[in-house]
Amino acid sequence: MDILTSLVIIPILTVLALLFVKDLKQVRLISAAGMFIELIQSVRLVFMYMAERASGNTSEMVFQKSYQWFESINIQYNVGVDGISVVMILLTGIIIFTGIFASWKVTYLAKEFFISLIILATGVFGFFISLDLFTLFLFYEVAVLPMYLLIGIWGTGKKEYSAMKLTLMLMGGSAFLLVGLLGIYMNSAPEGAPLTYNILEIAKHTIPIEAQRFFFPLTFVGFGVLGALFPFHTWSPDGHASAPTAVSMLHAGVLMKLGGYGALRVAMYLMPEAANEMAWIFIILTGISVIYGALGAVVQTDLKYINAYSSVSHCGLVLFAILMINKTSFNGAILQMLSHGLMTAMFFALIGMIYGRAGTRDIKKLGGLMKVMPFLAVMYVIAGMASLGLPGLSGFVAEMTIFVGAFQHDDLFHRIATIVAVSSIVVTAVYILRVVGKILFGPIINDEHKKLTDAVWHEKLPLIVLLIAIVGMGIAPLWISDLILDSLQPIVDKLVIAAN
Amino acid sequence: MDISNFIIMKHELLLTIATLLLLIAEIAINDKKKIIPIAITLFGLHTIYGFIGNTSGELFGGMYKNSALIVLMKNILNIGVFIVILQARNWLLKEENKDNISEFFILLFATLVGMNFMISSGDFLMFYLGLELATIPMAALVAYNTHDAKSSESALKLIMSAAFSSAIMLFGISLMYGQFGSLYFIDLIATNMNSPLTILAFIMFISGLAFKISLVPFHFWTADVYEGAPTNVTAYLSVISKGAAVFILSILLFTVFKSLVTVWSDILYVLAVLTMTIGNLFALRQTNIKRFLAFSSVAQAGFILLGLLGTNELGMATVIYFVLIYIFTNLAAFGVVSAIENATSKVKIEDYNGLYHTNPNMSLLMMMALFSLAGIPPLAGFFGKFFLFTAAAQNGYFWLIIIAVINVTISLYYYLMVVKAMFINKNETPIARIENDIYTKISFVICLAGIFVLGFYSSIFEYINSVSIGL
């Protein structure tokens, strides 16, 4: 079996295996083993990809496999990866693996929990390898729906409201996406030629501009909902705050990236003329996302809400960078997806651990945690530093690249937008440092908290994995940039040609 | 004409023979419970035999015709009916039904014979005969629970509205006869229908069929009848009866009324918007699971119209494919509802609270069915809906598709409310564990297999598409 299909098959097999076990220990073991193999495969894929490129393969997608599925409407199972998808798959592999360990303490309907979680991951992996718009959409929806059960059953707080809101908003977004994809399909080939869902085939053809004007906004907003595009971001704070730890990790860490990835790969790449024409509208909206998210995080007192708003801000930055339409900013967007995925997963994992011990996420009721749980506290500080863009960690690399790219535009509109977006860094520093100072340092507020313990092995393991990734990316960003840059070239070419 | 030509009518003939055998069995067998396995076996054999051999051709000078496409439609209906009678066993074994067991099967088979004739009809007379044969025994089936006033009330409602809609339809047919002097489809196809009088006739005709499919604004009978009828009869009404009507509607639109395509496209457009939206909005507020499924089935009918708006072979194929999936999906949902109603007589959505903790398998099946109805991948319903939308997109109905996808999102809300009841809501006294008999279990397995396989296994769609081309 080819490596890409195995990325989808392994989680499915894991789910099937889980159906037949009852014991909690076995459930954990099988989930962890399955996702460990998945992580290994993701890492292997990166090296295989590099070897393939080194051997001189310059085709746009490598490891391509294509099977006819529904012949009469030309739907294919068509997979392939380029540098962008490879790094996204690696990110997903890391997050789902660490997510399993972050859910180690789930006991209520544990089997069902892990099954839903892994189904969600299956959808994400399938999404990143798909080159056919139909299967891409299919996997996209597979990834979204288990969220309802995951939040509704295992969530906290007003979970039923949040679960319903999140599901309906995301499904509403995907509904628009469906119309957009159908529109692309119907215009995917010149008059008379067979229509196709194949992204690479469509990219060779120019979709009529009238069609682009109608379907680009639908597609972009469809993906944008998942990428927390203002004003469709409101599912995000409630959803993330109510979700169980691993789900928040996966959702903020990976699922929101589906939005950015799809917006770039499908909306922008296939409809470049309309993308150039309408970018300004969405730049304004994403600019609002960036600032609004950051300011929202400042006024929140619940740790999860803070991080959820911060995700709106950071993911807004991803879409912002994508709309800047040049190679540097695209590179920054991908790096930001990786960086935010890793650090937000770490944040949510840490918050879950703190909440599990202290029983509260309210920053007013927490203090001095550095004294009782130094390991977790140090990790929290590091994640915070990555979030506010400290050099040497992943966040700096990503945001720096985005702003350098954005500043290459020398007209007033882009300059103002960029400056507004840059100012979000300052706000980020405010809310990160405020939280760090309040809950980690200072006196212990609640005497009960003195009895709390530090992390145990199944908590340390995911944190260390994430830490290595964050630091690795911060120290050796070029290693990842090299993977991405060549793959960005065809997308940039198409958009730049369309601009002129 | 050779007597062997009658093999063309094998679906109708075999079913009639099965019905007559059951009448004899009713006299000969004292223990009426034994009739159930006999009827199920007979029908099972009939279903299997329906797949064997190619029986295309015409009879009675073109009044009756059969083709690969029509055989496929009949086979689809047969499979659906087979699932229905498997699920009905438990209910028929109840004390109050034990004297009327064979009647259920006889009436049910009679309506199916009527539907088969309706689909196979080559002229409007045969069509009308089939339609009435499908409707009148249906009213008796709805009234099956003689001890229940609600059941009788819904039967009365059904027969009254059916008679009314038939009258309008007949008026339409007679106007057409007055104009063209023929009732044969083959004659009508040859004429150009684009005259005001024919359009009037067509509108009257389609109103009659719209009643059968319960399109808004002809849906008023649906919820009351669905609620009052015995659940297994409701299941039959909502999938088989509706499916047959959709089949004949699509055949007629694509052949007889081909020359009116611009007219009926506009009519279907309006009906689709109304049906989806109003069906959905009413479904939102239901607390009774049967009424809930009734309105959900109204909304689903609206989506089917999108496929018809494809106005070519692909549109036909997507409609048949969707009905096939809809049969499996809806019967899964009705199967669970009926199993629970038989065991506990509970039909409120809130009764389902906490069902997962006591009946995990049924809850999972119900969830799959609801997700499939909502069109969530990887379940079959997703493929069905996606292809319907593709068909409509061919003709550029993108605004209609936007309305449709908004409706899909609304429908997801109410489907999730049932999922929420089963999986999330807490309940001190959930429905106790229900042990289903083997017949029900088999029907569940068939439905579940359908929900999963029909989407992924692309050959099924390709086959439907290939026979649709020979329309």
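# Close-up views of a two-chain model

Of the 500 residues of chain A, 60% count as buried; a residue is called buried if 20 or more other C-beta atoms lie within 10 Å of its own, exposed if 12 or fewer, and partly exposed in between, with C-beta atoms placed from the backbone. This is a predicted model, in which local features need pLDDT of at least 70 and side-chain atom pairs count only at pLDDT 80 or more, while totals for chains, interfaces and linings use all residues. Residues are numbered from 1 along each chain as its sequence is written, and chains are lettered from A and ligands numbered from 1 in the order in which they are written.

**View 1. Chain A as a whole.** Chain A has 20 helices and two strands; helices (H or I, at least four residues) and strands (E, at least two) are DSSP runs, numbered from the N terminus. Along the principal axes, its C-alpha atoms fill a box of roughly 75 × 60 × 45 Å. The radius of gyration of chain A is 22 Å, which agrees with the value near 23 Å for a compact globule of 500 residues. This radius is taken over C-alpha atoms, and the globule rule is 2.2 Å times the number of residues to the power 0.38. Among contacts in chain A with a separation of 6 or more, 80% are between residues 24 or more positions apart. Two residues are in contact if their C-beta atoms, placed from the backbone, lie within 7 Å.

**View 2. Chain B as a whole.** Here you can find 19 helices and two strands. The C-alpha trace of chain B spans about 65 × 60 × 40 Å along its principal axes. Its radius of gyration is 21 Å, in agreement with the value near 23 Å for a compact globule of 471 residues. Of the 471 residues of chain B, 59% count as buried.

**View 3. Where the two chains meet.** In this view, 26 residues of chain A are in contact with 25 residues of chain B. On the chain A side, strand 1 (62–70), helix 5 (133–144), helix 6 (146–154) and helix 7 (159–186) each supply at least two residues. Look for helix 7 of chain A, since the largest share of that side, 13 residues, comes from this helix. The residues of the chain A side divide into 18 nonpolar, five polar and three charged. For these classes, Ala, Val, Leu, Ile, Met, Phe, Trp, Tyr, Cys and Pro count as nonpolar, Asp, Glu, Lys and Arg as charged, and the others, Gly among them, as polar.

**View 4. The strand hairpin of chain A.** Strand 1 and strand 2 (residues 75–81) of chain A pair in the antiparallel sense over six bridges; strands pair if DSSP finds at least two bridges between them. One bridge joins A:Gln68 to its partner A:Gln76 in strand 2 of chain A. Four residues lie between the strands of this hairpin, where A:Asn74 takes a positive phi near 55°. A:Phe63, found in strand 1 of chain A, is not a glycine but has a positive phi of about 55°. A:Phe63 counts as partly exposed, with 19 C-beta neighbours inside 10 Å.

**View 5. Two helices side by side in chain A.** The axes of helix 16 (residues 374–387) and helix 18 (residues 412–440) of chain A come within 9 Å and cross at roughly 170°. That makes helix 16 of chain A roughly antiparallel to helix 18 of chain A. Axes are lines fitted to C-alpha atoms, for helices over the stretch in contact, and angles run from 0 to 180 degrees between N-to-C directions. Angles under 35 degrees count as roughly parallel, over 145 as roughly antiparallel, 65 to 115 as roughly perpendicular and the rest as oblique. Residues of helix 16 of chain A that meet helix 18 of chain A include A:Tyr380 and A:Val381, and those of helix 18 include A:Ile432 and A:Val436.

**View 6. Around B:Leu373.** B:Leu373 is found in helix 15 (residues 360–374) of chain B and is buried, with 27 other C-beta atoms within 10 Å. Its C-alpha atom is separated by 7.4 Å from that of B:Tyr326, 47 residues away along the chain.

**View 7. Two cis peptide bonds.** A cis peptide bond joins A:Phe230 and A:Pro231, with omega about 0°. A:Pro231 is found in the loop between helix 9 (209–226) and helix 10 (235–242) of chain A. In chain B, another cis peptide bond joins B:Pro377 and B:Pro378, with omega about 5°.
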